[in-house]
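Pull up the model and let's walk through it together. We'll go from an internal void to a charged pair and then out to the surface.

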Amino acid sequence: MTATLAPPVRIGKAAVGALGMLAVATGALESVVTPTLPLLQRELDMSPAEGALLSIVLLITGALVTPVAGKLGDRYGGKRVLIRLMAVVSAGGLVSALAPNLPVLLLGQILQGAMVGALPLSFIVVRKHLPGGESKVAIGVVSGLFVGGGMAGTLSAGPVAEGLSRHWMFALPTIAVIGSTILLNRLMPHDPPGRSDDAGVDWPGLLLLSGTLVTLMLVLALAPDIGSQPLVLGALIVVLAAFVTGWTAVERRAASPMVDLRMLVRPAIWKSCVLTFVICVGTSVAVYLVPQLFAVPAGAYGFGAGATEIGFYLLPGAVAASLAGPMAGIGARRFGSRAVVTAGIVIMAAALISLAAVHTEVWHLVVGKMMISLANGLCVTAMVTTTAISVEQSDTGIATSLVLVTRVIGYAVGAQVGGALLTAATPSGSDVPAESAFVTGFVIAGAVTALSLLVARTMGKGVKE
């Protein structure tokens, strides 16, 4: 039985500030791989496909941890679960910082992936301690600060990796995570646990989802070699279908499912999930391809940029993304979520198609990446905010987890598609893929993003603004 507790106290600016500091620190730790991926590929002798795997393994863990974290946060209290989750993230950051090779670095990234679960836990805390109008803005601010942390990580990772070593680019944000977690623990009051049940964690569902995601990544990684390994790829597709079928069956019958598929019946939830997946696929293709294009030798068709230069070039996009969170929260309250999401989709599709057509100057990529980051922040924040307020308070963690799981799966799929395209277009004995691979990737991402308008135009139906 759940004990009867006094209503949660209203939190002040100091506690919200501590939550924001943690969002900045985790965002910085999450973002250090992107601008330094070409450097890591050289130092650890990775192929483009292995580089894509490194860029998404954190997200795969996040897709698994997020629904569990949201459910436990709803049940036992957001702050209690958040502090424990940050202990795992800190351990992962330290492993990444000390990693001597790719397998150990992958292990560190797997542990760091627990940070993705911090967002629904933050939303739980905010909703329990602030009234409706203020909580909507606070959710947007926390989301924006997480992206703002990504801006700091993007800018600093290259200089730190080149000036000190790749080990320090993981160590410094990890220290910030540890410090902000201690501060949050001191300033944030405990939120009372919600409804409780005896079902526990849905371990069969977690294992089946793990198998689904790992198999999906293998299918995408092997897709460029379909000519030489058709039987292996076909077998993996069959295994993937079996995992998906088994996971769906288990989740529908579980007393306390890891991902409550019954929530997907609600228009506000399933539309947000569909839109989030499609938009994040488009964003992730660009997030992976743009740094790779910057790093292509100037003697070919690229710019020969190092890690520091790539971080500098990506900075405007990180700034735009950090502003998008608060803008989306305010815009959703004033104009409605559908207007914000539609505007974001149009901006992103136009930017992706423009990059496919024109990418011969640095500023072409800088502006294109900036518009894509702004559009992604507007769309995802608006959809997460709408989802959070469209359900009962006790279901906040579960509902937002569905959207956030979809987000990380979309990012993972997009990155693997980008890596597969570059791997398939790299001639034997060369490290430089054909330029057409970048064009194809941008066109595919733009076309898929544009198609999401068909769902966005119906988003207002059934959505509680």
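Here is a short tour of a cavity, a salt bridge and a surface patch.

This is a predicted model, so local features need pLDDT of at least 70 and side-chain atom pairs count only at pLDDT 80 or more, while totals for chains, interfaces and linings use all residues. Residues are numbered from 1 along each chain as its sequence is written, and side-chain values use heavy atoms, with hydrogens and water left out.

Let's start inside. Searching the whole structure turns up two cavities of 30 Å³ or more (a cavity being a set of points on a 1 Å grid over the protein atoms alone where a 1.4 Å probe fits but cannot get out, with lining residues having an atom within 4 Å of a point). The second largest holds about 60 Å³. Its lining includes L19, M115, V142 and F146, and α1 gives the most, with four residues. By class, that lining has eight nonpolar, two polar and no charged residues.

Now for the charges. The count comes to one salt bridge (a side-chain nitrogen of Lys or Arg within 4 Å of a carboxyl oxygen of Asp or Glu). R166 pairs with E43, their closest N and O atoms 3.1 Å apart. Because R166 lies in helix α8 and E43 in helix α2 (residues 33-43), the pair ties together parts 123 residues apart in sequence. R166 counts as buried at 9% relative accessibility (buried is under 20%, exposed over 50%, partly exposed in between, with a 1.4 Å probe and protein chains only), whereas E43, at 47%, is partly exposed.

Helix α8 (residues 166-187) also houses L172, which is partly exposed at 39%.

Methods: Helices (H or I, at least four residues) and strands (E, at least two) are DSSP runs, numbered from the N terminus. On a 1 Å grid over the protein atoms alone, a cavity is a set of points where a 1.4 Å probe fits but cannot get out, and a pocket is an open set with protein on both sides within 12 Å along at least five of seven lines; lining residues have an atom within 4 Å of a point. Grid points are joined across faces, edges and corners, and a volume is the space filled by probe spheres set on the points. Ala, Val, Leu, Ile, Met, Phe, Trp, Tyr, Cys and Pro count as nonpolar, Asp, Glu, Lys and Arg as charged, and the others, Gly among them, as polar.
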